[in-house]
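Me: I am new to this structure and would like a close, careful look at one part of it, namely the strand that holds a buried threonine, together with whatever lies around that part. Please set the part in its wider setting before you go into detail.

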Amino acid sequence: MKNILIISSSPRRNGNSQLLCNQFMQGAQDKGHHVDMIRIIDQNIGFCRACDGCVRNGGTCILKDDMADILDLYQKADVLVLATPVYFYGISAQMKAFIVRTYPIWEHLGKKDVYYIISAGLGEDIVERSLGDLDGFVEHLEEYEIKGKLYATNVMDAGLVKNQDIYINKPMKWEI
């Protein structure tokens with residue numbers, strides 16, 4: 001059994017990337033894994049102030065919000081799933097806020113298997129253009145393997161993913 005943490009940055013409860021997160025979670029639970037899903041929009045997460053207080057405080061951020069609990073779950077996870085819609089050729093603001101708020105532990109991001117779940121209103125090329133922030137974050141992990149990338153493209157309206165073919169970037173290993 002693995003501990004899986006899904007970071008869902010969809011601002012829509014029934015958005016396309018959120019629906020894919022729900023399916024990923026169900027599949028992992030069906031295989032006996034423990035899954036925590038964090039919907040960033042439902043959390044109280046402030047923006048990083050770039051004050052370096054966390055550096056002076058031994059990795060504890062000065063902001064007293066939900067991020068400390070999320071970082072605890074993050075550090076316990078064996079598998080990290082980063083899910084985001086693409087907005088203006090980039091990841092969502094919610095995902096970017098999460099990534100930046102990992103700064104207190106940036107030297108201790110650990111070893112993780114990683115999956116990406118991405119939805120976009122346009123084609124696959126927009127997804128590829130948006131991966132820089134996710135890749136840049138993951139490359140700071142002490143050790144990682146990107147196990148899979150799941151793309152839902154041409155899904156502008158919430159829920160369209162239900163009727164859409166999903167592109168799975170190869171090679172990948174979806175076995176968790």
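Reply: Of the 176 residues of the protein chain, 47% count as buried, and this description rests on a predicted model. The chain has six helices and seven strands, and along the sequence these elements follow the pattern β-α-β-α-α-β-β-α-β-α-α-β-β. Among the contacts between residues at least 6 apart in sequence, 77% join residues at least 24 apart.

Within this setting, the threonine you ask about is Thr84, found in strand β3, a strand that covers residues 79-87. With a relative accessibility of 1%, Thr84 counts as buried, because buried means under 20% relative accessible area. Once its neighbours within four places in sequence are left aside, Thr84 is in contact with Ser9, Ser17, Ile91, Ser92, Met95, Ile117, Ile118, Ser119 and Leu134. With Ser92 there is also a polar pairing, in which a polar atom of the Thr84 side chain lies 3.0 Å from the backbone nitrogen of Ser92.

One of these contact partners, Met95, leads on to helix α4, which spans residues 93-100 and in which Gln94, Met95, Ala97, Phe98 and Ile99 are buried. The cover over the buried residues of α4 includes strand β3 itself, along with β1, α3 (67-76), β4 (90-91) and α6 (132-138). As a general point, an α-helix has 3.6 residues a turn, so residues three or four places apart point the same way.

Strand β3 also takes part in the lining of a cavity. The structure holds two cavities of 30 Å³ or more, and the second largest of them has a volume of about 30 Å³. Its lining consists of Ser10, Pro11, Arg12, Gly15, Asn16, Ser17, Pro85, Tyr87 and Ser119, and the elements that give two or more residues to this lining are α1 (16-30) and β3. By character, the lining of the second largest cavity divides into three nonpolar, five polar and one charged. Two names link this cavity to the threonine, since Ser17 and Ser119 are both in contact with Thr84 and both belong to the lining of the second largest cavity.

For comparison, the largest cavity has a volume of about 120 Å³, and of the 14 residues that line it, the closest to its centre are Cys48, Arg49, Ala50, Cys54 and Cys61. The lining of the largest cavity divides into ten nonpolar, one polar and three charged.

Helix α1, which shares in the lining of the second largest cavity with β3, also contains Ala28. At 2% relative accessibility, Ala28 counts as buried, and although Ala28 and Ile4 are 24 residues apart in sequence, their C-alpha atoms are 8.2 Å apart in space. Ile4 belongs to strand β1 (3-8), and β1 is also among the elements that cover the buried residues of α4.

The segment before β1 brings in the charged pairs, for the structure holds six salt bridges, and in one of them the side chains of Asp113 and Lys2 meet at 3.5 Å, N to O. Asp113 lies in strand β5 (residues 111-119) and Lys2 in the segment before β1, so the pair ties together parts that are 111 residues apart in sequence. Asp113 counts as buried at 18% relative accessibility, whereas Lys2 is partly exposed, with a relative accessible area of 29%. The span given for β5 takes in Ile117, Ile118 and Ser119, and these three residues are among those in contact with Thr84.

Two further salt bridges complete this part of the account. Arg39 pairs with Asp42, with the closest N and O atoms 3.0 Å apart; Arg39 is buried at 10% relative accessibility, while Asp42 is partly exposed at 42%. The side chains of Glu145 and Lys147 meet in another, at 3.8 Å from N to O, where Glu145 is partly exposed at 32% relative accessibility and Lys147 is buried, with a relative accessible area of 14%. Salt bridges that share partners also join Arg13, Arg39 and Asp42 into one network.

Definitions and conventions. Residues numbered from 1 in each chain as written. Predicted model: local features only at pLDDT ≥ 70, side-chain atom pairs only at ≥ 80, totals over all residues. Heavy atoms only, no water. Salt bridge = Lys/Arg side-chain N within 4 Å of Asp/Glu carboxyl O. Helix = DSSP H or I, 4+ residues; strand = E, 2+ residues; numbered from the N terminus. Buried < 20%, exposed > 50% of the residue type's maximum accessible area, 1.4 Å probe, protein only. Contact = heavy atoms within 4.5 Å. 1 Å grid on protein atoms, 1.4 Å probe; cavity = no way out; pocket = protein on both sides within 12 Å on 5 of 7 lines; lining within 4 Å. Points joined across faces, edges and corners; volume = space filled by probe spheres on them. Nonpolar A, V, L, I, M, F, W, Y, C, P; charged D, E, K, R; others polar. Polar contact = N/O pair within 3.5 Å; in protein donor to acceptor, adjacent residues only side chain to side chain.
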